[in-house]
Amino acid sequence: MDKDFFIRESKSHNVKDMADKIETLFSEQIKGLDGKKYKIVAGVIRNDGTGWKPIIDANHQGDLNVGSVTNDNSAITVNFSGATVKKIIGFVAVPDETYAWRGVTFGSSVGKTSAIIYPVRNGRSIGGYISYDGTNWVVATGATGNIAVTGFNTGTGELTVTHDDMGDAHVMSVSGRDGSRPSLGSSNQTTTVIKFYDASGTIITTPTTALKVFLSRGAGVRQLNPNTLTEASGNIWFMGIFEV
């Protein structure tokens, strides 16, 4: 900005209006219709595997009035910069489409100097139909949750299936088709083990085309570790308005 700019402005505005304009330009503040002054804190952040930080590239300037971004195993902290906050007006943090599709959302605890953002996965379910075609185990088209068969143990008769992290290892079920008798084995958040039995109650250790099973798993709401959220295209968008 040059001297001529201020001369032109001074001829068209009174002194008070000019003072307000200069303050807005230099302190990144806005003036409301109520006469009070406000600042905006906004940005977009991503974890590339080295921690959460603003995205700054040819298309993003991800840190307006943001001093720093840090995280631990439970939350992400956005520290504010700029004018001292008098009152908090509002603050939101939302997932982009990548995290929204995975059921991840974000809740915030907001103070005058920082906002603490907590990632949470909403309740969701996954499921699919699995069968043996005589050569391979096949997961039918339309299955959800990245279901995949990783092996069949011919010694124990255990079919191991991996999938998205479902958190609660107790909300699950299997059901057979065409007379198949599946049962759940030892499972955890990302793995489900299935066993098949014949009519006499004996575990089947040699797979046949008669082995068919529907798998379903569900999960409740649970808090996530921000360090584990490392989607290459996953972002958190946030914005807050504060009286200063």
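## A stacked pair of rings

Let's start with one side chain in this predicted model. Phe238 has a relative accessibility of 5%, so this residue counts as buried. Its ring has a partner, the ring of Phe91. The two centres lie 6.1 Å apart and the planes meet at 20 degrees, so the pair is stacked. Phe91 is also buried, because its relative accessibility is 14%, and the cut-off for "buried" is under 20%.

How many residues apart are Phe91 and Phe238 along the chain? They are 147 residues apart, with Phe91 in strand S7 and Phe238 in strand S19, and the pair links distant parts of the chain. Both rings also belong to one aromatic cluster, together with Phe80 and Phe242.

## Another way for rings to meet

The model holds 9 aromatic pairs. Are the planes of Tyr132 and Trp137 stacked or tilted? This pair is tilted, with 5.1 Å from centre to centre and 55 degrees between the planes. Tyr132 and Trp137 are both buried.

## A nonpolar patch on the surface

Now let's turn to the surface. Here six side chains, Ile89, Val92, Val94, Trp237, Met239 and Ile241, form a nonpolar patch. Together they offer about 520 Å² of accessible area. Strand S7 (87-95) and strand S19 (236-243) are the elements that give two or more residues to this patch.

You have met these two strands already: Phe91 lies in S7 and Phe238 in S19. Take Trp237, which also lies in strand S19. With a relative accessible area of 38%, Trp237 is partly exposed, whereas Phe238 is buried at 5%.

## Salt bridges across the chain

Charged side chains can be followed in a similar way. The model has 6 salt bridges. In one of them, Arg102 joins Glu231, and the closest N and O atoms are 2.9 Å apart. Where do these two residues lie? Arg102 is in the loop between helix H3 (97-101) and strand S8 (104-110), while Glu231 is in the loop between strand S18 (222-223) and S19, so the salt bridge ties together parts 129 residues apart in sequence. Arg102 is partly exposed at 32% relative accessibility, and Glu231 is partly exposed at 26%.

Asp165 and Arg222 form another salt bridge, with 3.1 Å from N to O. Asp165 sits in the loop between strand S13 (158-162) and strand S14 (172-176), and Arg222 sits in strand S18, so this pair ties together parts 57 residues apart in sequence. Asp165 has a relative accessible area of 32% and is partly exposed. Arg222, at 24%, is partly exposed too.

## A small charged network

The side chains of Arg177 and Asp178 meet in a salt bridge as well, with an N to O distance of 3.9 Å. That value falls inside the cut-off, because a salt bridge needs a nitrogen within 4 Å of a carboxyl oxygen. Which residue joins Arg177 and Asp178 in a network of salt bridges? It is Lys212.

Is Asp178 buried or exposed? Its relative accessibility is 60%, so Asp178 counts as exposed. Arg177, in contrast, has 36% and counts as partly exposed.

## Two open sheets

Finally, let's look at how strands line up. Strands of a sheet pair through backbone hydrogen bonds, either parallel or antiparallel. One open sheet here has 4 strands in the order S12-S13-S16-S15, with antiparallel pairing. Its edge strands are S12 (148-153) and S15 (182-184), and each of them pairs on one side only. Neighbouring strands in this sheet are turned by 30 degrees against each other on average, ignoring direction. S15 pairs with strand S16 (residues 191-196) over 3 bridges, in the antiparallel sense. Ser183 has Lys195 in S16 as its bridge partner.

Another open sheet has 4 strands as well, in the order S11-S10-S17-S14, and its pairing is antiparallel. Which strands lie at the edges? They are S11 (137-139) and S14, each pairing on one side only. In this sheet, neighbouring strands are turned by 20 degrees against each other on average, with direction ignored. Strand S10 (residues 124-132) and S11 run antiparallel and are joined by 3 bridges. Within this pairing, Ser131 stands opposite Val138 in S11.

How values were computed. Residues numbered from 1 in each chain as written. Predicted model: local features only at pLDDT ≥ 70, side-chain atom pairs only at ≥ 80, totals over all residues. Heavy atoms only, no water. Pairing = 2+ DSSP bridges. Axes fitted to C-alpha atoms, helices over the stretch in contact; angles between N-to-C directions. Patch = residues over 30% accessible without salt bridge, like charges linked within 9 Å, V, L, I, M, F, W, Y side chains within 5 Å. Areas by Shrake-Rupley, 256 points an atom, 1.4 Å probe, with all protein chains shown as cover. Buried < 20%, exposed > 50% of the residue type's maximum accessible area, 1.4 Å probe, protein only. Phe/Tyr/Trp six-rings, centres within 6.5 Å; stacked < 30°, edge-to-face > 60°.
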